[in-house]
Amino acid sequence: MENLILLQRHANHSATLWINRPDKRNALSVAMWAAIPARVAEAIADPDIKLLFVRGAGGVFAAGADISEMPEVYATAEAALLNDEKIQGAMKALEECPKPVIALIEGPCVGGGCGIALACDLRIGVEGSRYGVTPAKLGLVYGAGDTRRLIQAVGLSKAKDILFTGRLLDSAEALACGLIDRLVASDHLEAVAADYAAKIGAASVYSIRAQKQILAMLRGGCDDAEASRALFGASFTGEDFKEGFAAFMEKRPAQFPVR
């Protein structure tokens with residue numbers, strides 16, 4: 001199953017986590033969910049990787065869960081909860097990754113695939129991509145973590161629209177409601193990804209890491225003033241700030257030392 005979830009490193013300080021099952025429209029199996037945290041951990045451990053993209057092979061992001069496993073996975077409440085532990089482990093790994101995570105979305109992004117995209121920091125979709133969260137069509141319930149991420153992206157009322165109907169959104173509506181952050185032509189996706197890699201690759205790793213911690217505090221509804229002030233204050237004594245300030249004064253690109 002390892003080849004179904006791949007980590008591909010790039011020369012521009014980025015890497016891509018590939019959902020690699022194009023013959024099944026990247027339907028996510030139990031084993032694939034279980035493999036995601038290890039691949040994310042691998043990206044975190046590599047100091048050369050500053051940005052992680054998440055992408056589906058074959059022009060499809062992910063069409064949802066592996067239907068062939070449903071009779072077994074949903075045979076009992078206990079089996080379903082065990083499977084959900086693997087799914088939430090994957091979502092948590094992506095959401096809590098200290099490095100920026102950007103979903104590059106082509107084709108269908110439905111069900112669990114949409115959940116993966118929502119666990120990323122940013123979502124870039126191509127024209128013609130489609131989005132949906134469909135538990136209502138199966139008599140299921142979207143869990144609290146997944147629902148929180150959906151609400152944070154689109155707002156409460158739109159989340160109700162998406163969850164209650166289970167309908168698919170086209171790329172234009174997904175952009176308008178905040179489900180995706182950018183909409184680009186399919187032949188521009190690589191260039192947009194390269195631009196993000198260049199900008200984030202040149203930025204301070206310390207700043208991004210600390211900013212993600214503060215964003216996580218706010219996301220959880222906990223405005224931890226002490227922790228936030230500690231991160232803010234520590235930045236002024238860090239090696240990245242010393243280099244960033246010197247580069248600013250010298251009108252040159254910064255070469256941040258923190259890795």
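**Exercise 1. Leu183**

Task: In this predicted model, determine in which strand Leu183 lies and which residues, beyond its neighbours within four places in sequence, are in contact with Leu183.

Solution. Step one is the location: Leu183 belongs to strand β9, which spans residues 182-184. Step two concerns accessibility. The relative accessible area of Leu183 is 28%; since buried means under 20% and exposed means over 50%, Leu183 is classed as partly exposed. Step three lists the contacts. With neighbours within four places set aside, Leu183 is in contact with Gly125, Val126, Glu127, Ser171, Ala172 and Leu175. Step four relates sequence to space: Tyr206 is 23 residues from Leu183 in sequence, and their C-alpha atoms are 29 Å apart.

**Exercise 2. Leu6**

Task: Establish whether Leu6 is buried, exposed or partly exposed, and state which residues Leu6 touches when those up to four places away in sequence are not counted.

Solution. Leu6 is found in strand β1, residues 5-9. Its relative accessibility is 32%, and Leu6 therefore counts as partly exposed. Leu6 touches Thr16, Leu17, Trp18, Asn20 and Arg39, residues up to four places away being excluded. As for a distant position in the chain, Thr147 is 141 residues from Leu6, and the two C-alpha atoms are separated by 27 Å.

**Exercise 3. Helices α1 and α3**

Task: Describe how helix α1 packs with helix α3, giving the angle and the distance between the axes.

Solution. Two quantities are needed, because two packed helices are described by the angle between their axes and the distance between the axes. For α1 (residues 30-45) and α3 (residues 77-95), the angle is about 30 degrees and the axes are 8 Å apart. Angles under 35 degrees count as roughly parallel, so α1 is roughly parallel to α3. The crossing of α1 past α3 is left-handed. On the α1 side, the residues in contact are Val30, Trp33, Ala34, Ile36, Pro37 and Val40; on the α3 side they are Asn83, Lys86, Ile87, Gly89, Ala90, Met91, Ala93 and Leu94. By class, this contact of α1 with α3 comprises 11 nonpolar residues, two polar and one charged.

**Exercise 4. Helix α5 and its partners α6 and α3**

Task: Characterise the packing of α5 with α6 and of α3 with α5, and give the residue classes of each contact.

Solution. The pair α5 and α6 is treated to begin with. Helix α5 (residues 144-154) and helix α6 (residues 156-165) pack at an angle of about 125 degrees, their axes lying 7 Å apart. That angle makes α5 oblique to α6. Their crossing is right-handed. Thr147, Leu150, Ile151 and Val154 of α5 meet Leu156, Lys158, Ala159, Ile162 and Leu163 of α6. Seven of the residues in the contact of α5 with α6 are nonpolar, one is polar and one is charged.

Next come α3 and α5, with an angle of about 40 degrees and axes 10 Å apart. These two helices are therefore oblique to each other. Gln88, Met91 and Glu95 of α3 and Asp146, Arg148 and Arg149 of α5 make the contact. The contact of α3 with α5 has four charged residues, one nonpolar and one polar.

**Exercise 5. Cysteines**

Task: Determine how many disulfides are present, and explain why Cys120 does not form one with Cys109.

Solution. The criterion is a pair of cysteine sulfur atoms within 2.5 Å. The closest cysteine sulfur to that of Cys120 belongs to Cys109, and because it is 9.0 Å away, it is too far for a bond. Cys120 itself is buried, at 5% relative accessible area. Cys177 is likewise in no disulfide, the nearest cysteine sulfur being that of Cys114, 9.3 Å away. Cys177 is buried, with a relative accessibility of 15%. The count of disulfides is zero.

**Exercise 6. Positive phi values**

Task: State where Asn26 and Lys251 are placed, and whether each is buried or exposed.

Solution. As background, most residues other than glycine have a negative phi. Asn26 is not a glycine, yet its phi is positive, at about 55 degrees. Asn26 is placed in the loop between β2 (14-19) and α1. With 0% relative accessibility, Asn26 is buried. Lys251, also a residue other than glycine, has a positive phi near 55 degrees. Lys251 lies in the segment after α11 (239-250). With 76% relative accessibility, Lys251 is exposed.

Key. Residues numbered from 1 in each chain as written. Predicted model: local features only at pLDDT ≥ 70, side-chain atom pairs only at ≥ 80, totals over all residues. Heavy atoms only, no water. Axes fitted to C-alpha atoms, helices over the stretch in contact; angles between N-to-C directions. Helix = DSSP H or I, 4+ residues; strand = E, 2+ residues; numbered from the N terminus. Parallel < 35°, antiparallel > 145°, perpendicular 65-115°, else oblique. Left-handed = near helix turned anticlockwise from the far one by under 90°. Contact = heavy atoms within 4.5 Å. Nonpolar A, V, L, I, M, F, W, Y, C, P; charged D, E, K, R; others polar. Buried < 20%, exposed > 50% of the residue type's maximum accessible area, 1.4 Å probe, protein only.
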